[in-house]
Amino acid sequence: MSRFGHFDDAAREYVITRLDTPLPWINYLGTEDFFGIVSNTGGGYAFFEDARLRRLTRFRYHAPGDGGGRFLYARDADTADVWCPTWQPARVDVEDYRCRHGLGYTVIGSVRNGVEVETRYFVPLGETLEVWRVRVTNRRSSDANLSLFAAVEFCLWDAWDDQTNFQRNLSTGEVDVRDGLILHTTEYRERRNHVAYFASSDRGGAFDTDRDAFLGTYRGWDRPEAVERGRCGGSIAHGWFPIGAHQVDLSLRPGEGRDVVFLLGYAENPPEGKFDGTGRVATERIRGTVDRFVDPAEADRALDRLRDHWVDLIGALRVSTPNEHVDRIVNVWNQYQCMVTFNLSRSASLFESGVGRGMGFRDSCQDVLGFVHLAPVRARERLLDLAATQLPSGGAYHQYQPLTKRGNDAIGSGFNDDPLWLILAVAAYAKETGDLGVLDEAVPYGSEPGTESPLLEHLWRAFGSTLERLGPHGLPLIGRADWNDCLNLNAFSTEPGESFQTVPQHEGGVAESVFIGAQFVLASEELARLAEVCGRPDDAVSAREAGERMAAAVGNHGWDGAWFRRAYDHSGEPVGSSTNDEGQIWIEPQGMCVMAGIGLEDGLAERALDAVAERLGTPHGLVLLDPPYARYRVELGEISSYPPGYKENGAVFSHTNPWVAIAETRLGRGDRALDHYLRINPSAREDRSDVHRCEPYVYAQMIAGPAAAAPGEAKNSWLTGSAAWNLVAISQWILGIRPEHEGLRIDPCLPADWEGFEAIRRFRGATYRIAVRKPLGVTGRISSITVDGRTLDGIVVPSAPAGATVTVEGTIST
Ligand code: BGC
Ligand code: NOJ
């Protein structure tokens, strides 16, 4: 049993009370354009829209103990004692340390020698700045004469270039200081119209902008010379390392508290109004914003608005079940994580460096499934952005760049599952909102104006692109990879360091994916339903026929005898078969086939899921495959490059576990479904935080499998498709509250030892108050539903007018 804090459910916060968290435990600031990641000791960085191209502050990944980032020091003028209220980077002892990570804000506080310093970090709604609102309280019985020092190290904008191109960069750095406002103006003189700034509520305080002047030579951020000395020197950076550092002196009587505000912001000027009359950066707009938010009362109001925003947002789904882990993860953290994955895709975390990846096509489509009920308007925009990068062939760029919204040539296309996710995501959006108009939106291909066709046509091209790429068994060709980026059947890579994602392919028209076959079947039904609701029954028939043919191919060539095979390799040999010596059974086709309804009638589904439980089940969740690959297999690619038990090679790859939970609900096995769900529920693992090591409030991409040295150890927290799929599994399939074109289906599949649950669900502007009751000891299925007291015919509650409140009572009888 080991915890490093606790959930404060009422406040919707996780409270960290121990400094020795196994890893930095982070949170995200920002909701729209300006974002930051913040660790429990104030580490991390900030950026505007693109973590690589508009990086505000520098960050050193995995510097021992955390790289710092939001530097805050306190100095006692009477004793020259120096410490960091966030503990890092000085690491001088503090008492009463706590970090409260909340929805879009983080509060870090501690006490040293009777001086309490607490800082709230957040990004106000609609603004492009980060507020550090500091409260210093003197709890001594004598006066305290203190100085606070706050500092950031500016990144020279492009975070990749910043850490590689020193011959240029160490000469380009520029700053400007205007009346206490530090401006980072590198490259503004010529091609940039944006600056970063660091401001203090104390306009007249001392400052530094040159890193070496502030730190002193041969010193680190743990003990800056200026802080030890108690005085910033007013340095101006010319090249080298520009920083922003402010000093605020405070004399506090016993019991007295004082508020100080620092702001880290990003601002753009119109090209024609870049400079003021004296040829310096025009600061009028910045000054207005700064003056507003350095006022502590305004900062507090902005934080209140932010809190209200989040509470309202996640109020779209609120459940009350017999299980506290379900409740707190669904009601707060999972929904929150879904918004974070929507905003950041896979770009910026402690595991994603912010320089490497754009917005993934399949990732972003799947993220939609998790947040569409929260932000349907933004989901619509995202879907149209994604579709606009689709290729005329129906295929898809694997990624696009958030600043330009164009497909990323460096990674290219040919991941043959990608386009099908668009069908699933658009269907989820249409079912959530009832907005069929989206299907008529004119959307270009490859971002080329003049190529527009209705979104619905894009979906048909996605569907068709699979049918145009079938292999010898009538199953879809895998291309570069399918959902499993590491199953590279056409790569044959032998060069050290070569990217499995971009290496030239030995495409032989043979390597096929059973997974994509099943995904196609799932998509065919969604496309058929869309066609029906659009009044095109003939199209629905052809989508279903194509789906049935594919389901037959999967049944005939994808079944291995006790589970579904994974693929056929470049030579036509099965992958994921009892005839293989390693990688005999893989999780993805079992989950996807059953979700698609394959094998439900002939018993194959049941056998496949039994095999999953038996072969892939561990105390930490279901591993991706078994046995893991112990040696590199050139014909399989990256999967076999990972040591056994890690990542796709036999870790618990969280994304796939909810597929199996959903599949179990299709068989009506509520106990199994919830069991699979709970094994990776982060709150349910909280008391094993010393083993799990990542944050107990969010999903991590992987948890090391039994073959690894440290089974149960999680990695790659936050930015993972696990967020969306776990929310879908628990809310839509286990609790069974599922949007359909016709209304809200109530079709739970619960464990035997529950007597029911209650939920509040916003759906198309109306509020549904749902209660489901059932006898103990059975799973059962809904036998009757009443809506506002009247018995419903069937189990799909028709959508009510916006603003209405609807009472839904469901009974499970056997
Ligand atoms: C990882 C995958 C990821 C892929 C794409 C691989 O190295 O193992 O999980 O999907 O990179 O970035
Ligand atoms: C993470 C990637 O972001 C995702 O696209 C992929 O499906 C999984 N890894 C599995 O490889």
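**View 1. Helix H8 is largely enclosed by the rest of the structure in this predicted model.** The helix spans residues 361-371, and 11 of its 11 residues are buried. Buried positions in H8 include the aromatic residues Phe361 and Phe371. Charged residues are buried in H8 as well, among them Arg362, Asp363 and Asp367. Two of these residues, Arg362 and Asp363, are also found around ligand 2, which is the subject of the next view.

**View 2. Ligand 2 is surrounded by residues that include Arg357, Arg362, Asp363, Trp483 and Asn484.** Asp485, Glu648, Phe653 and Gln701 are also among the residues around this ligand. Three polar approaches to oxygen atoms of the ligand may be followed here. A polar side-chain atom of Glu648 lies 2.6 Å from an oxygen atom of ligand 2. For Arg362, a polar side-chain atom lies 2.8 Å from an oxygen atom of the ligand. Asp485 takes part through its backbone, with an N or O atom 3.0 Å from an oxygen atom of ligand 2. Taken alone, the ligand exposes 300 Å², of which the protein buries 94%.

**View 3. Ligand 1 has Arg357, Asp485, Cys486, Gln501 and Glu638 among the residues around it.** Tyr642, Lys647, Glu648, Phe653 and Gln701 also belong to its surroundings. A polar side-chain atom of Glu638 lies 2.3 Å from an oxygen atom of ligand 1. The side chain of Tyr642 has an N or O atom 2.6 Å from an oxygen atom of the ligand, and for the side chain of Gln701 the corresponding distance is 3.5 Å. On its own, ligand 1 has 310 Å² of accessible area, and the protein covers 78% of this.

**View 4. Asn716 lies in strand S34, which comprises residues 714-717.** Is Asn716 buried or exposed? Its relative accessible area is 9%, which is under the 20% limit, and therefore Asn716 counts as buried. Leaving aside neighbours within four places in sequence, Asn716 is in contact with Phe351, Glu352, Lys647, Cys694, Ala700 and Gln701. Of these contacts, Lys647 and Gln701 also appear among the residues around ligand 1.

**View 5. Strands S14 and S15 form a hairpin with 2 residues between the strands.** The two strands, residues 175-178 and residues 181-184, run antiparallel and are joined by 4 bridges. Val177 stands opposite Ile182 in S15. Asp179 takes a positive phi near 55° in this hairpin. Both faces of S14 are covered: Val175 and Val177 are buried on one side, and Asp176 and Arg178 are buried on the other.

**View 6. An open sheet of 6 strands shows mixed pairing, in the order S20-S37-S38-S42-S39-S40.** Strands S20 (317-320) and S40 (790-791) stand at the edges with a single partner strand each, so one side of each is left without a neighbour in the sheet. Within the sheet, S38 (residues 766-773) and S42 (residues 805-812) run parallel and are joined by 7 bridges. Ile770 stands opposite Val808 in S42.

**View 7. The largest nonpolar core contains 240 residues.** Tyr197, Phe262, Leu263, Tyr677, Ile746 and Tyr768 touch the most other members. Helix H12 (residues 514-533) supplies the largest share of this core, 12 residues. Apart from this core lies another, of 15 residues, among them Tyr73, Phe214, Leu215 and Ile243. Which residues does Ile746 touch, not counting those up to four places away in sequence? They are Gly736, Ile737, Ile770, Val772, Ile782, Ile785, Ile795, Val797 and Val808. Ile770 and Val808 are the residues that stand opposite each other in the sheet of View 6.

Terms used
Residues are numbered from 1 along each chain as its sequence is written. Chains are lettered from A and ligands numbered from 1 in the order in which they are written. This is a predicted model: local features need pLDDT of at least 70, side-chain atom pairs count only at pLDDT 80 or more; totals for chains, interfaces and linings use all residues. Side-chain values use heavy atoms; hydrogens and water are left out. Two strands pair if DSSP finds at least two bridges between them. Buried means under 20% relative accessible area, exposed over 50%, partly exposed in between (1.4 Å probe, protein chains only). A nonpolar core is a set of buried Ala, Val, Leu, Ile, Met, Phe, Trp, Tyr and Cys residues joined through side-chain atoms within 4.5 Å. Contact means heavy atoms within 4.5 Å. A residue is near a molecule or strand if one of its heavy atoms lies within 4 Å of it. A polar contact is a pair of N or O atoms within 3.5 Å; within protein, one must be able to donate a hydrogen and the other to accept it, and residues adjacent in sequence count only if both atoms are side-chain atoms. Accessible areas come from the Shrake-Rupley method with a 1.4 Å probe; for residues, only the protein chains shown count as cover.
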